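Work through the exercises below with the sequence and the structure at hand. Each task is followed by a solution in steps.

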Amino acid sequence: MGQTSTLLTTLSLSCFWVLSPDALILNGQQTGRAGGYFLIALLLAAFVIFLSSRALHVPVRLSATGTKKGPGRLLPIARLAAYLSCTLFLSAGMLVSAGYSFNETFVVWFPNFGFAFLLLGLIILLHLALPRYVNHVQVWLTAAALVCLLSVIGAALLSSPVTPESSTGEAPTLLTTLPVALLLFLGYEKQGRNDHHPSSPLWGISLVVLFSIALSLAFSRHLPADRLADSTIPHLRLARAVMGDPGRMLMSGAVIFGTAAFVNAMLQLVRHHLLRALPELQLPRWFRGLSFLALPLAIASCLLSGLAGELLLETLIFSSLLLWLLSSALTTLAAGSRLRPAGQGKVAVFAVGTVQLVATVIFTLTHSTPVPLLGYALLFLAVTAVLLVLLTRALKPWLALH
Amino acid sequence: MKRVMLCLLGLLFAIAPLSTVMAVELMTKEELKAQLGSDDLVIVDVRAGRDWSTSELKIKGALRVEPGDLGQLATGSKDKVYVFYCA
């Protein structure tokens, strides 16, 4: 039971992002823009991620020089910056989406922002009052989202395709599609290899690629490419096209469960990395509590400030995703630098890391606003670096007195 | 609060060129529903960001204009009724 529970937790933590509303939208839009190229890109991305995951989670052949070589210094900051900014901006955006889904599908008189705050509040309460059950709830939320999504996808794949031929007018390329495909696998670096299930990273990656391909096929069979490419709610359109109102309800449920699973997982991720980033200090309990509450309060502040009604939020979200892509690439390169210099293994890992790095550059350059995207990403990095330095310096004197 | 202020500012900017003195009236959804399809009615969706992009419900035939771009409506017909709606 314990082993099954660990595997389920690992799997639920590997797909919290791909089942979230924003990932569903990315899948739909990319299916519309790139068609079959997107499916090929998904398979390529899965291969790249699998190789990277093997390098991260196989603790053998480590160099005696440790992790100080290569991108080691930048990596903790990049990773924490990515997790912090994704948690803040993606959570705020998705909570708004969940609020609208609840209001427009289930209870029209319940205010959408009220539901967004309610959902955030419930997650905070879970972490504060029942921390032992956080992983259990994660598994249930993921399972609920998956059931809703697979119901719609299954119905879409089993029913006759009804999509008329259409084109977006753009010539798709594998090069521009691959970065988005890689994006859907973000979070794989957190799939831990464990003694009970040494192949659990492979299971997680397989789940992500199979789900993404199935969803893409469902989109292409029922919605024309030009509508998909420009739609901000392709998943809801698909559900309505395939199953009518029951489909809308299932997909709205998926949005709500997927949002909750994402926020829950990201809060855990950030907390884990923030505490790891300050390893030399025995952090006081008040700091641990404060560090946990600060981020949800920041998310709530974003909601209250009306950021969800600004186009700026989308730029901030994509800057966060850019940082996450970058930190994945640096993680792979760092893993490569740790391997003993023994031929093909090390070269392969560096090649994979380079592919991820190039994908990050392409993602930036092909975005509609690359300069602000990069600017905000650099800002997040700088703010995180300053935050870490200030926290370390602020806490050390206090601890020295005690 | 900021969004409400922006909506109001946009409304003011669009209406002011159309007449020298005009009170901004509110319309109930029943009144709007009764007029849907009329050639003299222009519905303007001024929702922005995720208020618009994540909402599945959009009024058919509504013109979508960002709150900061409402000035473009100043060139529109002065004989029509403009109805602005937001989140």
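A salt bridge is a side-chain nitrogen of Lys or Arg within 4 Å of a carboxyl oxygen of Asp or Glu. The model is a predicted one, in which local features need pLDDT of at least 70, side-chain atom pairs count only at pLDDT 80 or more, and totals for chains, interfaces and linings use all residues, while side-chain values use heavy atoms, with hydrogens and water left out. Residues are numbered from 1 along each chain as its sequence is written, and chains are lettered from A and ligands numbered from 1 in the order in which they are written.

**Exercise 1. A salt bridge in chain B**

Task: state how E66(B) and R64(B) interact, and classify the accessibility of each.

Solution. Step 1: the side chains of E66(B) and R64(B) form a salt bridge, with 2.8 Å from N to O. Step 2: apply the accessibility classes, where buried means under 20% relative accessible area, exposed means over 50%, and partly exposed lies in between (1.4 Å probe, protein chains only). Step 3: E66(B) has a relative accessible area of 22% and is therefore partly exposed. R64(B), at 32%, is partly exposed as well.

**Exercise 2. The two chains**

Task: describe the secondary structure, burial and surface of chain A and chain B.

Solution. Step 1: take helices (H or I, at least four residues) and strands (E, at least two) as DSSP runs, numbered from the N terminus. Chain A has 14 helices and 0 strands. Chain B has 3 helices and 3 strands, in the order α-α-β-α-β-β along the sequence.

Step 2: of the 402 residues in chain A, 53% are buried. In chain B, 34% of the 87 residues count as buried.

Step 3: accessible areas come from the Shrake-Rupley method with a 1.4 Å probe, and for residues only the protein chains shown count as cover. Chain A exposes about 17600 Å², with carbon and sulfur atoms supplying 69% of it. For chain B the accessible surface is about 5800 Å², and 62% of that belongs to carbon and sulfur atoms.

**Exercise 3. The interface**

Task: give the extent of the interface between chain B and chain A, and say which elements of chain B supply it.

Solution. Step 1: the size of an interface is often given as the accessible area lost when the parts come together. Buried area is the accessible area (1.4 Å probe) that two parts lose on being put together, summed over both. Chain B and chain A bury about 1600 Å², of which 44% is on carbon and sulfur atoms.

Step 2: with contact meaning heavy atoms within 4.5 Å, 15 residues of chain B and 21 residues of chain A take part.

Step 3: 4 salt bridges are counted between chain B and chain A. On the side of chain B that touches chain A, α1 (2-15) and α3 (50-53) each supply at least two residues. The largest share, 4 residues, comes from α3(B).

**Exercise 4. Salt bridges across the interface**

Task: locate the partners of the R50(B)–D22(A) and R240(A)–E56(B) pairs.

Solution. Step 1: the structure holds 8 salt bridges over all chains. R50(B) lies in helix α3 of chain B and D22(A) in helix α2 (residues 21-34) of chain A, so this pair joins two chains. The N to O distance of the R50(B)–D22(A) salt bridge is 2.6 Å, and both residues are buried.

Step 2: R240(A) is in helix α10 (residues 234-277) of chain A, and E56(B) is in the loop between α3 and β2 (63-64) of chain B, so here too the pair joins two chains. The side chains of R240(A) and E56(B) meet at 3.0 Å, N to O.

Step 3: R240(A) counts as partly exposed because its relative accessibility is 38%, whereas E56(B), at 10%, is buried. A network of salt bridges links R240(A), D245(A), R248(A) and E56(B).

**Exercise 5. A buried serine**

Task: where is S212(A), and what does S212(A) touch?

Solution. Step 1: S212(A) belongs to helix α8 (residues 200-222) of chain A. Its relative accessibility is 0%, so S212(A) counts as buried.

Step 2: leaving out residues up to four places away in sequence, S212(A) touches V18(A), N27(A), L42(A) and L184(A).

Step 3: the side chain of S212(A) reaches the backbone oxygen of V208(A) at 2.8 Å.

Conventions:
A polar contact is a pair of N or O atoms within 3.5 Å; within protein, one must be able to donate a hydrogen and the other to accept it, and residues adjacent in sequence count only if both atoms are side-chain atoms.
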